[in-house]
Amino acid sequence: MILRHREAPSLWVLLLLILAARSEPDEECHKSIGDDKYDFTALKGDHTVSRTRSLPPTNMKDTLRFNICKELSPLGDVDSNDQCSSGTWVCLSKTNIKQGEPDRVVAVIPIAQESELQVQYNKLSTSRGVMITLHGPPYPSSTTLDPIPQEFVLNVLCATETSEPEFKSYNGSRAVVEWSTPSGCNFREPKGDGDTPEKEDESMGSGIGGSSFCPLLISVAGYFALGAYYNYTTYGATGVDLIPHRDFWREVPYMLRDVVSHLCGSFQSRHSSSRGGYVPV
């Protein structure tokens, strides 16, 4: 029996996690509207837009944080009372600013929340793009006695380049943001007779190379790089000794030879037994 020194298994675990993360699709950011498909992966994450309104002798700053793929991450440097609770996808905070006095948060409004989300995707009627609508719970209003349900509208306009999102309006119940980006362009046109969508072909081609080969290549390169670094820092190895699990890789050809021999032997054994008849003595 040959005993081999086993190096830290954390390298294997790390590489598997990298491969899984690169291969896992962002399904929550891929949507279909009829025959058209949209990829909102580039828009994922927490985003912030703001506007300032003049209300002499003070100014009111409206800050809108939103995430169209999942709930917002909490702000570590902001008091919990000055930000929306967990499960919020869109949060509007109003800060009163007066010269010579500290800023004061006067309102924190959950515009879209997990319990009321009801995400809707619709094509824009006036331009090429998508209107994404998220809903939230009622919030007290200064103009009516009853709380008003909240709503967030993100107009994603088809463009060749990505611009910064723009805070368009908030009327007490509906916050509107406009964003020009390639994510607003459908990447598969409706199929006609004999028509082959150009971008669909591109996505199919890149699916084989990008989704399978690239993560595998990155994982293999990462394995050898991390393994070499580990051997160098732990054992002071140089040259071929830097190769992780060197003894294993040396035996791989012999292991493959044994597997092939075993398979060939099994095939010949079954082939001989299936003939029947007499066995020569």
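## A nonpolar patch on the surface

Eight residues form a nonpolar patch on the surface: Leu 216, Val 220, Phe 224, Val 240, Ile 243, Phe 248, Trp 249 and Met 255. Together they have about 680 Å² of accessible area. The model behind these values is predicted.

Two helices contribute to the patch. Helix 2 covers residues 198-235, and helix 3 covers residues 246-273. Each supplies at least two residues of the patch. Phe 224 is one of the patch residues, and its place is in helix 2. The relative accessible area of Phe 224 is 34%, so this residue is partly exposed.

## The chain as a whole

Now to the overall layout. The chain has three helices and eleven strands. From the N terminus on, the order is α-β-β-β-β-β-β-β-β-β-β-β-α-α. In that order, one helix precedes the strands, and two helices follow them.

The chain has 281 residues, and 29% of them are buried. Its accessible surface comes to about 18600 Å². Carbon and sulfur atoms account for 56% of that surface. Contacts across the sequence count too. Among contacts with a separation of 6 or more, 49% are between residues 24 or more positions apart.

## Two disulfides

The structure holds two disulfides. One joins Cys 84 to Cys 91, with 2.1 Å from S to S. Both Cys 84 and Cys 91 are buried. Which hand does this disulfide have? The torsion about the S-S bond of Cys 84 and Cys 91 is about 80 degrees, so the disulfide is right-handed.

The other disulfide joins Cys 158 to Cys 185, with 1.9 Å from S to S. The link of Cys 158 and Cys 185 is right-handed, with 95 degrees about the S-S bond. Cys 158 lies in strand 9, residues 148-158. Cys 185 lies in the loop between strand 11 (174-181) and helix 2. The pair therefore ties together parts that are 27 residues apart in sequence. Cys 158 has a relative accessible area of 25%, so this residue is partly exposed. Cys 185 has a relative accessibility of 12%, so this residue counts as buried. The cut-off for buried is under 20%.

## Strands 3 and 4

Strand 3 spans residues 47-55, and strand 4 spans residues 58-66. The two run antiparallel and are joined by nine bridges. A hairpin of two residues connects strand 3 to strand 4. One bridge pairs Val 49 with Leu 64, which is in strand 4.

In a regular strand, side chains alternate between the two faces of the sheet.

## Salt bridges

How many salt bridges does the structure hold? There are seven salt bridges. Side chains of opposite charge can pair when their charged atoms come close.

One salt bridge brings together the side chains of Arg 65 and Asp 46, at 3.3 Å from N to O. This pair links distant parts of the chain, 19 residues apart. Arg 65 is in strand 4, while Asp 46 is in the loop between strand 2 (36-39) and strand 3. Is Arg 65 buried or exposed? Arg 65 has a relative accessibility of 12%, so this residue counts as buried. Asp 46 stands at 33%, so this partner counts as partly exposed.

A second example joins the side chains of Asp 62 and Arg 53, at 2.8 Å from N to O. Asp 62 has a relative accessibility of 1%, so this residue counts as buried. Arg 53 has 29%, so this partner counts as partly exposed.

Glu 101 and Lys 98 also meet through their side chains in a salt bridge, at 3.9 Å from N to O. Glu 101 has a relative accessible area of 46%, so this residue is partly exposed. Lys 98 has 32%, so this residue is partly exposed as well. Elsewhere, Arg 51, Arg 53 and Asp 62 are joined into one network by salt bridges that share partners.

Technical notes
Residues numbered from 1 in each chain as written. Predicted model: local features only at pLDDT ≥ 70, side-chain atom pairs only at ≥ 80, totals over all residues. Heavy atoms only, no water. Patch = residues over 30% accessible without salt bridge, like charges linked within 9 Å, V, L, I, M, F, W, Y side chains within 5 Å. Areas by Shrake-Rupley, 256 points an atom, 1.4 Å probe, with all protein chains shown as cover. Salt bridge = Lys/Arg side-chain N within 4 Å of Asp/Glu carboxyl O. Helix = DSSP H or I, 4+ residues; strand = E, 2+ residues; numbered from the N terminus. Buried < 20%, exposed > 50% of the residue type's maximum accessible area, 1.4 Å probe, protein only. Contact = heavy atoms within 4.5 Å. Disulfide = S-S within 2.5 Å. Pairing = 2+ DSSP bridges.
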